[in-house]
Amino acid sequence: MGVEGCTKCIKYLLFVFNFVFWLAGGIILGVALWLRHDSQTTNILYLHLGDKQAPNTFYIGIYILIAVGAVMMFVGFLGCYGAIQESQCLLGTFFTCLVILFACEVAAGIWGFVNKDLVAKDVKQFYDQALQQALQQDLSDSDATNAKTVVKTFHETLDCCGANTMMAISASFIKNDLCPKEKTLLETITQGQLPQDCHKKIDELFSEKLYLIGIAAIVVAVIMIFEMILSMILCCGIRNSTVY
């Protein structure tokens with residue numbers, strides 16, 4: 001015997017929420033793949049300074065996001081099917097998956113909030129190390145060339161120059177030709193514009209992406225709370241209809 005009355009409305013409401021949840025999983029998966037292959041982050045995080053690779057903390061978070069998106073799509077499908085079939089077993093499995101996913105999201109959110117500045121900090125340290133080597137005169141030709149390539153990639157990708165403005169207009173930068181070549185440094189200063197600070201640009205690059213991830217996580221958490229409530233109500237309704 002199928003559910004009737006308000007419980008039937010809850011059944012279709014749960015189906016709609018699960019469909020939205022499934023779509024949200026697809027969107028998160030798509031955004032994660034876009035962040036993974038974004039030209040700015042890829043250009044920077046694929047760099048090598050000698051034997052040292054650029055920090056990959058950001059990519060670890062992205063891989064977790066890809067996994068979360070895929071799991072959300074599976075759980076959303078499970079919830080849709082369980083709601084339509086009025087299956088207590090499927091809905092119970094769906095509810096358990098939701099609780100686990102919600103707990104993982106809360107844990108990831110706390111970790112992300114505590115370490116929100118870690119990604120940018122690691123990348124800035126990597127940039128500073130490459131910059132220091134690029135300006136040194138006692139390095140071998142291969143090491144100096146590698147360091148200059150890393151620094152120029154940062155500068156061209158982020159359209160910046162130097163760890164700060166005063167460093168960018170110093171004689172050592174002009175001598176080593178490390179700033180982007182779209183305009184000469186002299187032309188830029190003459191027009192009343194100073195080179196952009198690379199530390200600031202790195203902060204902006206990763207803070208914008210982390211902000212986007214944060215919004216997506218909050219929206220998904222709200223949907224999950226509603227789904228857990230609706231699935232409990234629907235399970236109770238199915239149980240009562242079976243009894244009667």
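This text goes through the chain's fold, its nonpolar core, its largest pocket, its salt bridge and two threonines, all in a predicted model.

The chain holds 10 helices and two strands. Read from the N terminus, the order of elements is α-α-β-β-α-α-α-α-α-α-α-α, with the two strands following the second helix. The chain has 244 residues, and 39% of them count as buried. Contacts reach far along the sequence: among those between residues at least 6 apart, 78% join residues at least 24 apart.

The interior can be followed through the largest nonpolar core, which has 51 residues. The members that touch the most other members are F21, L45, Y127, F154, I202 and F206. Seven elements are named as giving two or more residues each to this core: α1 (6-37), α2 (39-45), α3 (57-85), α4 (88-114), α5 (118-135), α6 (141-158) and α10 (198-243). Of these, α10 gives the largest share, with 11 residues.

L45 shows how one of these core residues is placed. Leaving aside residues up to four places away in sequence, L45 touches Q53, A54, P55, F58, Y59, V123 and F206. One of these partners, F206, is itself among the core residues with the most contacts to other members.

Helix α10 also figures in the largest pocket, where it supplies 12 residues of the lining, the largest share. The pocket holds about 1,100 Å³ of space. Its lining is made up of 39 residues, and those closest to the pocket centre are A108, G109, G112, I213 and A217. Helices α3, α4, α5 and α10 each supply at least two lining residues. By residue type, the lining divides into 28 nonpolar, seven polar and four charged residues.

Where are charged side chains paired? The count of salt bridges comes to one, and in it the side chains of D203 and K124 meet at 3.2 Å, N to O. D203 belongs to helix α10 and K124 to helix α5, so the salt bridge ties together parts that are 79 residues apart in sequence. The two partners fall into separate classes of accessibility. D203 has a relative accessible area of 31% and is partly exposed. K124 has a relative accessibility of 19% and counts as buried, because the cut-off for buried is under 20%.

Two threonines give further points of reference. T153 is placed in helix α6. With a relative accessible area of 18%, T153 is buried, again by the cut-off of under 20%. Not counting residues up to four places away in sequence, T153 touches N43 and L47.

T93 is in helix α4. Is T93 buried, partly exposed or exposed? Its relative accessible area is 36%, so T93 is partly exposed. T93 and G82 are 11 residues apart in sequence, and their C-alpha atoms are 9.1 Å apart in space.

Helix α10 recurs through this description: α10 gives the largest share of the core, supplies the largest share of the pocket lining and carries D203 of the salt bridge. Helix α5 likewise gives two or more residues to the core, supplies at least two residues of the pocket lining and carries K124.

Definitions and conventions: Residues numbered from 1 in each chain as written. Predicted model: local features only at pLDDT ≥ 70, side-chain atom pairs only at ≥ 80, totals over all residues. Heavy atoms only, no water. Core = buried A, V, L, I, M, F, W, Y, C linked by side-chain atoms within 4.5 Å. Buried < 20%, exposed > 50% of the residue type's maximum accessible area, 1.4 Å probe, protein only. Helix = DSSP H or I, 4+ residues; strand = E, 2+ residues; numbered from the N terminus. Contact = heavy atoms within 4.5 Å. 1 Å grid on protein atoms, 1.4 Å probe; cavity = no way out; pocket = protein on both sides within 12 Å on 5 of 7 lines; lining within 4 Å. Points joined across faces, edges and corners; volume = space filled by probe spheres on them. Nonpolar A, V, L, I, M, F, W, Y, C, P; charged D, E, K, R; others polar. Salt bridge = Lys/Arg side-chain N within 4 Å of Asp/Glu carboxyl O.
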